[in-house]
Every structure is written in C-alpha cells, then in structure tokens.
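Hi,

Here is the structure I promised to pass on. Have a look at it first, and then read on for what turned up.

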Amino acid sequence: MNPRRLRLGFSVAAAGMLLAVVLPLSSEATAGLAARPVILAMTLSGAALFAAAALVGTPWAIGLGLAGALGGSGISLALLQDATIAGSAAKGFWFIVLATWLGAALCVMALAAVRPRGTQSRRALDIAVPLLFGAFVFYLWEVSVRGLGVPPVLMPSPSAAAARFATSLPILGADFVQTFIKGVLIGYAIGCGAGLAVAIVAQRVPFLGRGLLPLGNFFSALPLVGIAPIMVMWFGFDWPSKAAVVALVTFFPMLVNALAGLSAAGHMERDLMRSYGAGHRQSLTKLYLPAAMPFIFNALKINATLALIGAIVAEFFGTPTQGIGFRISTEAGRMAIDMVWAEIALAAIAGMAFYGLVALAERAATFWHPSYRA
C-alpha cells in the first residue's frame with residue numbers, strides 16, 4: 001500500500017477521534033466525553049495511536065493502527081450501553097465509528113499487501129486478513145443497528161442473533177441433523193456419484209454424451225420452487241424428498257464438469273496408453289480420471305453450496321417440525337427475526353465448513369496440479 005496514503009488515512013482517523021471529544025454524542029440530553037473520564041482517556045489514547053501510526057513505518061503502523069481500531073470499537077460499544085445514546089447517536093459517536101472503520105480498513109489493506117517469505121507466516125496472514133475484515137464488518141453492523149435504533153424486526157444486531165444462537169443450541173442441533181446430515185449429505189452423495197457414473201458411461205459412448213448435455217442444461221434451468229413440491233408429493237414430507245431435490249440439483253453440474261474433465265486428456269497421452277496396450281479400464285484409472293480430477297472437484301465445490309440451498313428451499317414446501325428451512329419459515333411468520341438469523345448463521349457455518357472440507361480433499365488428491373506448485 002502507498003505509504004503516503006497510509007499516513008494520510010491514519011492522520012484523518014486521529015483527527016476524527018479528536019473531533020468526537022467536542023461534538024455531541026446523542027441527539028438527546030446526555031453527558032459528553034468530557035464528563036466520562038475513562039472513555040475520554042480511551043478516546044485520546046486511540047487518537048494518539050492513530051497519530052503514531054501515521055508517523056512510523058508500515059510494520060509498526062499496522063500494529064499501532066490495529067490497537068487504535070480495537071480501542072475505538074471498545075469505546076463505541078461501551079457508549080451504546082447508555083440508553084440515551086443507543087438509538088439516538090449523534091455526530092460525536094459517529095466520528096468515533098468512522099475513525100475506527102478507517103483505521104481498521106487501512107490495517108487490513110496494508111496486511112493484505114504484505115508478502116511474507118515463510119510458509120507459516122503466509123498461512124497465518126491468509127487467515128488473519130479475512131478474520132479481521134469479517135470482525136470489523138460485524139462491528140459496523142452492530143453499531144449501525146444499535147446506534148440508529150433499527151427495530152429488531154427489520155434487522156437484529158449480531159449480538160442479539162448470537163445470544164439467540166447460544167440459547168437455542170438444542171433446536172439448532174436438531175435442525176442441523178434433519179437438514180444437513182439427512183438431506184444434504186445423502187442427496188449430495190447420490191447426485192454427485194450418479195453424475196460421475198453417467199459421465200464415465202457417456203465418455204465411453206459418445207452419442208450418449210451428446211444427448212445428455214442438452215438434457216442436463218434443460219433440467220439445470222428448472223426452478224427449485226417448481227421441483228420441490230413435486231419431490232415432496234413423490235417421496236413424502238420427511239428427509240427423502242429433500243435428499244431427492246439435492247440429488248437432482250447436484251447431478252447435472254457433476255455430469256457436465258466430469259464430461260469436460262474426461263475429455264481433457266491430450267492426444268499424445270491417449271496414443272501413449274494405446275501404444276502400451278492399455279485397456280479401457282486401465283486408461284480410465286491411469287489417464288482419464290486423473291486428468292478429470294480438477295473438474296470433478298470443481299463440481300463438488302459448486303455442489304457443496306447448491307446442495308444446502310436446495311435442501312433448505314425444499315423444506316419450505318413440506319417437512320416435519322424441524323429443519324433449517326422449516327424453522328426459517330415458521331419463525332419469520334412469528335416475527336422472531338433473531339431466530340431466523342441464528343438459522344441463517346447455522347446454514348452459513350455448515351456451508352463454509354462443507355466447502356472447506358471439499359477444498360482440503362481437493363488439495364490432497366490433486367497436489368500434483370500446477371495450481372498447487374510452489
């Protein structure tokens with residue numbers, strides 16, 4: 001990152017913290033920072049940290065800037081404990097928030113631009129940058145909702161959703177088992193396995209491949225809201241109908257990608273296998289499938305998210321009294337939006353973890369691929 005812009009940004013952040021000292025914190029009658037000695041001292045310390053970050057070199061500037069941003073976030077969250085500020089925040093409060101956001105953004109951008117030499121340092125940095133970015137996004141969400149007094153029905157704060165998540169773990173656990181373990185995983189295995197098996201047959205019988213691709217495009221364009229009710233009528237209200245929707249959703253992405261991967265082997269490699277007298281099974285296991293592995297894992301990663309979406313949408317059209325989709329629809333009808341966000345968080349965590357496991361399996365199985373070479 002440009003050092004001049006970094007210094008300018010931290011200088012602006014320091015000025016914003018200082019302006020908050022003299023500006024009103026709320027549109028209602030409340031004590032200013034001068035009447036809050038502890039918070040005043042923290043605010044002046046944050047301004048000093050940002051000012052110091054503007055004067056030193058990049059490595060030290062990142063550490064000082066992060067310290068200032070953490071202090072600013074603590075100040076703003078502490079001020080929101082005052083009922084006269086929460087929902088009625090004025091310029092002084094928002095200057096603290098903006099200075100904190102600016103300092104955090106500069107630190108994240110500077111960290112993202114760092115190129116460490118060691119492998120461990122690079123991995124640690126790859127984890128730290130998205131974690132810091134996500135943490136400050138949640139911070140902005142929290143202070144914006146509470147500072148502006150947004151009704152919980154429209155948008156609950158992350159802290160309210162997290163509290164509901166923590167107090168509803170048994171319900172969330174049962175919903176996770178119903179939707180993810182029973183519906184997603186079983187349907188994912190059936191759909192991806194069937195798509196790969198049909199692609200292997202279609203690669204052996206070319207006219208079958210040419211006939212299946214247009215059909216695959218047709219079925220992949222069908223809307224979930226049209227497929228789900230049919231699957232519920234065919235397979236009942238329990239998890240088999242959700243697994244059927246997931247299998248249908250994941251079948252054709254796997255088929256298309258696997259067919260493309262099985263055709264990726266070059267003519268020279270095919271001629272070499274024929275010159276060795278290799279049969280179809282040997283060519284399939286030694287040449288075609290290894291060449292198709294990146295394509296297959298690409299389909300597996302795409303299907304990891306499609307499967308969860310398909311299962312949740314299918315639950316809107318009939319399910320037992322549990323499941324992520326069922327809970328979202330019923331709690332939204334009751335205006336329990338914090339529970340809806342807790343279920344959304346559960347789905348997001350499950351989806352990210354599932355995608356991460358597939359990505360790790362891809363790295364272990366395709367370590368030889370050029371994209372993984374150092």
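Let's start with a small one: is Thr-58 buried, partly exposed or exposed? Thr-58 counts as partly exposed, because its relative accessibility is 32%, and the cut-offs for that class are 20% and 50%. Before going further, please keep in mind that this is a predicted model. Thr-58 sits in helix α3. Its C-alpha atom is 7.2 Å from that of Pro-3, although the two positions lie 55 residues apart along the chain.

**The cores**

The largest nonpolar core is made up of 39 residues. If you want to find your way into it, pick Phe-10, Met-17, Leu-33, Leu-79, Phe-93 and Ile-96, which have the most contacts inside this core. Five helices each put in at least two residues: α1 (3-22), α2 (37-55), α3 (58-79), α4 (91-113) and α5 (119-148). Of the contributors, α4 gives the most, with 11 residues. As general background, nonpolar side chains in soluble globular proteins tend to be buried together.

Leu-79 is a good residue to click on here. Setting aside residues up to four places away in sequence, Leu-79 touches Leu-25, Leu-33, Arg-36, Ile-39, Ile-85, Phe-93 and Ile-96. There is also another core, lying apart from the largest one, with 38 residues. Leu-262, Ala-307, Ile-328 and Met-339 are among them.

**Around α4**

Which residues does Gly-103 contact, once its neighbours within four places in sequence are left aside? They are Phe-10, Ala-13, Phe-50 and Ala-69. Gly-103 is in helix α4, and it counts as buried because its relative accessibility is 0%. The C-alpha atoms of Gly-103 and Leu-64 are 9.5 Å apart, with the two residues separated by 39 places along the chain.

Just ahead of that helix, in the loop between α3 and α4, you'll find Ser-88. With a relative accessible area of 12%, Ser-88 is under the 20% cut-off and therefore buried. Its contacts, again without residues up to four places away, are Leu-25, Ser-26, Ser-27, Glu-28 and Gly-147. Leu-25 is also on the contact list of Leu-79.

**The largest pocket**

The largest pocket holds about 400 Å³ of space. What kind of residues line it, by class? The lining has 13 nonpolar residues, no polar ones and no charged ones. Nearest the centre of the pocket are Phe-138, Trp-141, Trp-341, Ala-345 and Ala-348. Helices α5, α6 (158-167) and α14 (337-365) each supply at least two residues of the lining, and α14 gives the most, with 7 residues.

**α13 and the loop after it**

In α13, the buried residues are Ile-324, Gly-325, Phe-326, Arg-327, Ile-328 and Glu-331. Note that Arg-327 and Glu-331 are on that buried list. Ile-328 also belongs to the 38-residue core mentioned above.

After α13 comes Met-335, in the loop between α13 (324-333) and α14. This one is worth a look for its backbone: Met-335 has a positive phi of about 65°, although it is not a glycine. Is Met-335 buried or exposed? It counts as exposed, because its relative accessibility of 53% is over the 50% cut-off.

**Leu-306 and the cysteines**

Leu-306 is in helix α12 (residues 280-315). At 30% relative accessibility, Leu-306 counts as partly exposed. Leaving aside neighbours within four places in sequence, Leu-306 is in contact with Val-249 and Pro-253. For Pro-253, the C-alpha to C-alpha separation from Leu-306 is 9.8 Å, with their positions 53 residues apart in the chain.

Finally, in case you were wondering about cysteines: how many disulfides does the model have? The count comes to 0, taking a disulfide as a pair of cysteine sulfur atoms within 2.5 Å. Cys-107 is buried, with a relative accessible area of 1%. Cys-192 is buried as well, with a relative accessible area of 6%.

Cheers

Note on methods:
Residues are numbered from 1 along each chain as its sequence is written. This is a predicted model: local features need pLDDT of at least 70, side-chain atom pairs count only at pLDDT 80 or more; totals for chains, interfaces and linings use all residues. Side-chain values use heavy atoms; hydrogens and water are left out. A nonpolar core is a set of buried Ala, Val, Leu, Ile, Met, Phe, Trp, Tyr and Cys residues joined through side-chain atoms within 4.5 Å. Buried means under 20% relative accessible area, exposed over 50%, partly exposed in between (1.4 Å probe, protein chains only). Helices (H or I, at least four residues) and strands (E, at least two) are DSSP runs, numbered from the N terminus. Contact means heavy atoms within 4.5 Å. On a 1 Å grid over the protein atoms alone, a cavity is a set of points where a 1.4 Å probe fits but cannot get out, and a pocket is an open set with protein on both sides within 12 Å along at least five of seven lines; lining residues have an atom within 4 Å of a point. Grid points are joined across faces, edges and corners, and a volume is the space filled by probe spheres set on the points. Ala, Val, Leu, Ile, Met, Phe, Trp, Tyr, Cys and Pro count as nonpolar, Asp, Glu, Lys and Arg as charged, and the others, Gly among them, as polar.
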